[in-house]
Amino acid sequence: MTYFYKLLVFKFLYLLVITQALGFTRITSFKEINKDPIDKNPPNIIIILIDDAGYIDFGFMGSKDLQTPNIDELAESGTVFTDAHVSATVCAPSRAGLITGRYQQRFGFEANGTGGIGLSDGVMTMADVFKENGYNTYALGKWHLGSDISDHPNQRGFDEFYGFLAGSRSYFPLVNPTKEKMLQHNGKWVIFDGYMTDVLGDQSVHYVEQNGEHPFFMYLAYNAVHTPMDAKAEDLEKYKSHPRQKLAAMTWSLDKNIGKLINKLEDLNLRENTLIYFLSDNGGAHNNLSSSGKLKGWKGNQFEAGHRVPFFISYPKLFPGGNHFKGLSSSLDIFTTSLAAANIKKPEHQILDGVDLLPYLTFKNIGDPHNVLFWRKLEQSGVRLGNFKTVRLDRFGVNLYNLNNDLEEEVNLAFSQNNILNKLEEVYMVWERQLIQPLWDEGDDWMDVTYHIHKRLLQNKEPMYKDIWDVGFRLNREYYQHN
């Protein structure tokens, strides 16, 4: 039996066992979809998900050199979250957590990529629930949650998919794209001219126009500003003297296209009753010139710059703009908050790890929506409890930080405040017992890189290499025995 067929058999048997053991209900067991919305005037819901954006790379987050006037205006119309986090530090698992409202480790989606497995068949998505409750559902842009037929957005609750399955691709047309990298509409290859960010922006406007007065849920997942650093000639010319020329040009295009969508909502008198989320899928990457300010680390590691992200919510019908919220929050909250806004009951037996943020946005609740948040990606993990946070590297050690006075994560308190460390470790172990083993890993090369980075940063040392293409990786690679 070939490796390919062994993998298929393993996938089928493993998912069968997990489905029965965890009591999953397959999506196909839904009742007949009711296209009459429960609420007579439910909100439209839009998630604008940016890719690999730096924490301070928008005007509303303090950027002085990147121009984002439309995004800044949208942020001003809502509430900016200053202590918001995603559930993973890399693209695919972060998206899995967001779209399901659950820690993705609960169903084995822990490493980057999709391992030829993707989303487990029994996992329910936001689109599944909103479609069942009468919403039109649209997914645009980067998917990165699996390329099998069972993982396709059209099989995961979305009426329409206009985007690509892969984790990255050129922003310009490809001559002979693979199934994963081709721009597609519901499985059919779309041949396009121009620039991907513009194409996705135009399509988001088109969906709003054709939707009419029916409520809709839109998952608008731009691949900007993920590599490759492709930008239009006119935007590069605009920023020809900028020290971060390509990033500035890509960000400018992103901002213009988000502006297009907001203007269309206003033109159609839909803006007031549209709940909009804006966030990055993880922290800025080390190779796209992004900036996270004084935060330590970058995409792919468990320090603050890996998972603390720019995040705001705007919903003019329910709460005013111009506010900042400093409570501990998560991308996992998006699912739960959206259900509350639409007056949809949580599906029976569905586990959601998020919190309804609406009482905090309307000033009915104060404080932290979450007292504790967790992260784990293979050999690296962390827990946040109040102002204290751990970063653990298997077989090396664990550091304890007090983010209240050390947001840069430079002072290790593990020895001086051992009682607090033990409390966080205890809380983490309780959470970890609820998880299943990862369904795939990232291969020895990438796992060696990630282990090296964490080991060096835990010691406040600069890593000798940051990816598998780095010259330092070839010359100074450290080999590790992985679990």
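**Note on the pocket, cores and cavities**

1. The largest pocket has a volume of about 750 Å³; a pocket is, on a 1 Å grid over the protein atoms alone, an open set of points with protein on both sides within 12 Å along at least five of seven lines, and a volume is the space filled by probe spheres set on the points. Its lining has 34 residues, and Val 90, Asn 112, His 226, Lys 299 and Trp 446 are the closest to the centre.

2. This is a predicted model, in which local features need pLDDT of at least 70 and side-chain atom pairs count only at pLDDT 80 or more, while totals for chains, interfaces and linings use all residues. Residues are numbered from 1 along each chain, and side-chain values use heavy atoms, without hydrogens and water.

3. The largest nonpolar core (buried nonpolar residues joined through side-chain atoms within 4.5 Å; buried is under 20% relative accessible area, 1.4 Å probe, protein chains only) has 68 residues. Ile 48, Phe 60, Met 218, Ile 258, Leu 265 and Phe 278 have the most contacts inside this core. Helix 7 (residues 245-267) contributes the most, ten residues. A second, separate core of 56 residues includes Leu 98, Val 129, Phe 325 and Ile 334.

4. The count of cavities (sets of points where a 1.4 Å probe fits but cannot get out) of 30 Å³ or more is three. The largest cavity has a volume of about 40 Å³. Among the residues lining this cavity are Ile 50, Asp 57, Phe 58 and Thr 251, and helix 7 gives the most to the lining, with three residues.

Methods:
On a 1 Å grid over the protein atoms alone, a cavity is a set of points where a 1.4 Å probe fits but cannot get out, and a pocket is an open set with protein on both sides within 12 Å along at least five of seven lines; lining residues have an atom within 4 Å of a point. Buried means under 20% relative accessible area, exposed over 50%, partly exposed in between (1.4 Å probe, protein chains only). Helices (H or I, at least four residues) and strands (E, at least two) are DSSP runs, numbered from the N terminus.
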